[in-house]
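User: I have a model open and I'd like to learn how to read it feature by feature. Could you walk me through it?

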Amino acid sequence: MPGPEFRPRPRRSRRGAALTLVFAGVLATGAVTDALPVDRPADDHRPLAAGPAGATVDPDAVARAAADAVAEGGSGTKAAREVVSRSGDRWGAVYDRDEYARFQQSLDGEYTGVGLRAKRSADGRVEVARVRPGGPAERAGIRAGDRLRTIGGRSVDGRPVTEIVALLRGDERTDVTLGLERGGRAWTERLVRTTLSAESVTVERLAGGAVKIRVSSFTRGTGERVKDAVAEAPDGAGVLLDLRGNSGGLITEAVTAASAFLDGGLVATYDVDGEQHALYAEPGGDTGRPVVALVDGGTMSAAEMVTGALKDRGRAVTVGTRTFGKGSVQMPRPLLDGSVAELTVGHYRTPEGHQVDGRGIVPDLTPADGEDAEERAETVLSGLGAGS
């Protein structure tokens, strides 16, 4: 396993280094893999999944189950998954050795797959949400909105997100057959997996001189790329920070990204096993440039942390719809057979103390029915004096 990714300054937190990957469990099923967690309507305030909000699992119980299974000649990974599935920890997951290696690859901004992202629609079906240009899925003619029915002959209905990810992922140049549906037509496509890079930050110049910085995930290096994009924007130009569909990633990268707009100060607080910690922005960020953060129901986890920090600190006007509501903290634990359990150990709050998990963040402005959210955000930005 790689070394710790989360290294806050010692004066902030003595136990922070133990949090190798915080919020990264969502990333494994999100932006840089081939599937997304179940989406919910922005006005649906129900819990995100089965199990009470804040439910966790005893990591020692997971480790014991895996060890006992291995001792009896069984699968430690399977035994650990059974314990996690019964616990009510809706964000807990267990990865076998190969799955975790691919997970680590995804955190580097690469993944081996077919170049599509999927989401669960309001009626419970799994649909293609986005197709990567030039990837195997696009070359096969798969389009956003197509229904994903089977992967390798196995139905995706009712499967946990981690299983759907595992079915779509695989080794370079291996093939997978997808069962698809569009309108009344059902068909299958055999795709060959390939290693793809996920560009986490894209920059676009908007009419009027403002700059749109879209952040699709918080993989390694994302935070510095956001800081570079802000530094390279023309003097006086406003920034439209587009976090729509951002399913999260590494907390260190999210804090660095928030630091682009803050001159130090609090980004979030979080608890681990009841012990409180804090995350602080680095000093020297651009605090004079107008900023609008654009969010939606697919804005999750570390992306919600950035949103909450900029909103609570008065650094950005937030526009869009209620964010997803994933404010839990996961910590990896290696198991005896080489698998890794990502288990919820705590939850985080925004600088003003607002809980995110199961609630999401309500933006300052919500577009009217039929109004384009991005157009509304650009209008707000122009009203803040965001010219070049």
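Analyst: Sure. Let's start with a term we'll need for packing: contact means heavy atoms within 4.5 Å. Keep in mind that this is a predicted model.

User: Fine. Which parts of the structure do the buried residues of α8 pack against?

Analyst: They pack against α7, β13 (266–272), β14 (275–280) and α9 (302–312). The buried residues themselves are I251, E253, A254, V255, A257, A258 and S259. That makes seven of the nine residues of α8, so the helix is largely enclosed by the rest of the structure.

User: How do I describe the way α7 and α8 sit against each other?

Analyst: Look at the distance between the axes and the angle at which they cross. For α7 (residues 222–232) and α8 (residues 251–259), the axes come within 7 Å and cross at roughly 10°. Angles under 35 degrees count as roughly parallel, and α7 and α8 are therefore roughly parallel to each other.

User: Which residues meet there?

Analyst: On the α7 side you have T222, G223, E224, V226 and K227, and they meet E253, T256 and A257 of α8. Sorted by class, the contact has two nonpolar, three polar and three charged residues.

User: Let's step back. What does the chain contain overall?

Analyst: Ten helices and 18 strands. The chain has 388 residues, and 54% of them count as buried. If you take the contacts between residues at least 6 apart in sequence, 70% join residues at least 24 apart.

User: How high is the mean pLDDT of the chain, and where does pLDDT stay under 50?

Analyst: The mean is 83, and 84% of the residues reach 70 or more. The stretch where pLDDT stays under 50 is residues 1–53. The model has 176 contacts beyond four places in sequence for that stretch, so read those contacts alongside pLDDT, the predictor's confidence in each residue.

User: Now aromatics. How should I read a pair of rings?

Analyst: A pair of aromatic rings is described by the distance of the centres and the angle of the planes. A search of the whole structure finds four aromatic pairs. One of them joins Y95 and Y100: the centres are 6.1 Å apart, the planes are at 50°, and the pair is tilted.

User: Are Y95 and Y100 buried or exposed?

Analyst: Both are buried: Y95 has a relative accessible area of 6%, and Y100 has 5%. Together with F103, Y95 and Y100 form one aromatic cluster.

User: What about backbone angles? What sign of phi should I expect?

Analyst: Most residues other than glycine have a negative phi, and most peptide bonds are trans. Here, R173 has a positive phi of about 70° although it is not a glycine. S301 also has a positive phi, about 55°, and is not a glycine either.

User: Where do R173 and S301 sit?

Analyst: R173 is in the loop between α6 and β7 (175–182), and S301 is in the loop between β15 (291–295) and α9. R173 is exposed, with a relative accessible area of 67%, whereas S301 is buried at 0%.

User: Can we try a single residue in a strand? What surrounds V319?

Analyst: Start with its place: V319 lies in strand β16 (residues 317–320). V319 is buried, with a relative accessible area of 0%. Leaving out residues up to four places away in sequence, V319 touches V292, A293, L294, V295, P363, L365, A373, R376, A377 and V380. You can also look at sequence separation: V319 and D364 are 45 residues apart along the chain, with their C-alpha atoms separated by 6.0 Å.

User: And what does E138 touch?

Analyst: Not counting residues up to four places away in sequence, E138 touches V131, R132 and P133. E138 lies in helix α5 (residues 136–139) and counts as partly exposed, at 40% relative accessibility. Across the chain, E138 and L116 are 22 residues apart in sequence and 8.2 Å apart in space, C-alpha to C-alpha.

User: One last residue. Where is G158?

Analyst: G158 is in the loop between β6 (154–155) and α6 (161–168). G158 is exposed, with a relative accessible area of 73%. Its C-alpha atom is 9.3 Å from that of R125, which is 33 residues away along the chain.

Definitions and conventions. Residues numbered from 1 in each chain as written. Predicted model: local features only at pLDDT ≥ 70, side-chain atom pairs only at ≥ 80, totals over all residues. Heavy atoms only, no water. Axes fitted to C-alpha atoms, helices over the stretch in contact; angles between N-to-C directions. Helix = DSSP H or I, 4+ residues; strand = E, 2+ residues; numbered from the N terminus. Parallel < 35°, antiparallel > 145°, perpendicular 65-115°, else oblique. Nonpolar A, V, L, I, M, F, W, Y, C, P; charged D, E, K, R; others polar. pLDDT = per-residue confidence, 0-100. Phe/Tyr/Trp six-rings, centres within 6.5 Å; stacked < 30°, edge-to-face > 60°. Buried < 20%, exposed > 50% of the residue type's maximum accessible area, 1.4 Å probe, protein only.
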